[in-house]
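Here are my notes on the model, point by point. Please read them with the structure open.

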Amino acid sequence: VLMNLITNASDSLGDGDGEILLRTQLVSTVDARPGAMLFGGPLGAGPWVMLEVVDTGSGMDVETVQRIFDPFFTTKFTGRGLGLAATLGIVRGHEGAIVVRSVPGQGTSIALYFPVTSGVRRETPINTSVATPGSGTILVVDDDDGVRAVARSLLQRQGYTVVLATNGREGVERFVALGSEVRAVLLDLTMPVMGGEEALRQLRALSPDVRVVLMSGYSDTDVEHSFVGAGLSGFLQKPFRADDVYRALELALADPVAQP
């Protein structure tokens, strides 16, 4: 989330001088000043932890602000992965919201609001030994080097053979070459060259029963309308944990035929 916000803030500065301010604050009210636009939510009762990135860059008009979290929208010649759309999906996953204030020529403020918990949440350490040992080949299709590396490490740990692809077209080519060796496909939604939606369509044409687990920074509710009847075997929201991957894959491989 921070990388996406700071990258966009840096881009807005262009080649000139400027400043990027990162700050956190405990607040009891959400910014409702004129020009503030709320995305995500709805927020529950405060207080909230606010994480804000402010830049002195070129700013945006109202029409642009309204679209910056749309899938595939960019003001640059080339995009950088999921970008702000993924950021919104992650914030929603934490029951938060985003407030954007921007004025052309005067910079932009993007403030993330997260609910405050009562006390400390202590995570239970991941016990990978409870995951069912696997076998066979899993095809991982994602344009992010880090995601591919993590997925390969986790799956190899459980005994799977892992084949990687960097975009949808390459993923389909790998699938054709491997044929029936592929037990399941972990497929990213947004990629260059060929995205996940088109790749899924081609995979289904090649093998109607192929088990496909979709990966995305969007939430499942954000993308499910685009894949009704597509026969997905599971969904992984990024960023994911080891047990999320194991659970999704075990469920995908449990049924003899992918469920619509």
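1. Leu 251 and Ala 254 are exposed, on the other side of H8 from its buried residues. Bear in mind that this is a predicted model.

2. The buried set in H8 is Ala 242, Val 245, Tyr 246, Ala 248, Leu 249, Ala 252 and Leu 253. Viewed down the helix axis, these buried residues fall within an arc of 170°, so they line one face of H8.

3. What do the buried residues of H8 pack against? The partners are helix H4 (145-157) and four strands: S6 (137-141), S8 (182-188), S9 (212-216) and S10 (234-237).

4. The geometry of H8 is regular in length. Its 13 residues (242-254) reach 18 Å from first C-alpha to last, close to the 18 Å expected at 1.5 Å a residue.

5. The second largest pocket holds about 640 Å³ of space. Its lining has 22 residues, and the closest to the centre are Gly 93, His 94, Gln 237, Pro 239 and Asp 244. H8 gives two or more residues to this lining, as do helix H3 (83-93), strand S5 (107-115) and S10. By type, the lining divides into nine nonpolar, seven polar and six charged residues.

6. Is Phe 175, in helix H5 (residues 168-178), buried or exposed? Its relative accessibility is 7%, so Phe 175 counts as buried. Beyond neighbours within four places in sequence, Phe 175 contacts Leu 139, Val 182, Val 185, Leu 203, Leu 206, Ser 207 and Val 210. Leu 139 is 36 residues from Phe 175 in sequence, yet the C-alpha to C-alpha distance is 7.5 Å.

Technical notes: Residues are numbered from 1 along each chain as its sequence is written. This is a predicted model: local features need pLDDT of at least 70, side-chain atom pairs count only at pLDDT 80 or more; totals for chains, interfaces and linings use all residues. Side-chain values use heavy atoms; hydrogens and water are left out. The expected span of a helix is 1.5 Å times one less than its number of residues. Buried means under 20% relative accessible area, exposed over 50%, partly exposed in between (1.4 Å probe, protein chains only). The arc is that of the directions from the helix axis to the C-beta atoms. Contact means heavy atoms within 4.5 Å. On a 1 Å grid over the protein atoms alone, a cavity is a set of points where a 1.4 Å probe fits but cannot get out, and a pocket is an open set with protein on both sides within 12 Å along at least five of seven lines; lining residues have an atom within 4 Å of a point. Grid points are joined across faces, edges and corners, and a volume is the space filled by probe spheres set on the points. Ala, Val, Leu, Ile, Met, Phe, Trp, Tyr, Cys and Pro count as nonpolar, Asp, Glu, Lys and Arg as charged, and the others, Gly among them, as polar.
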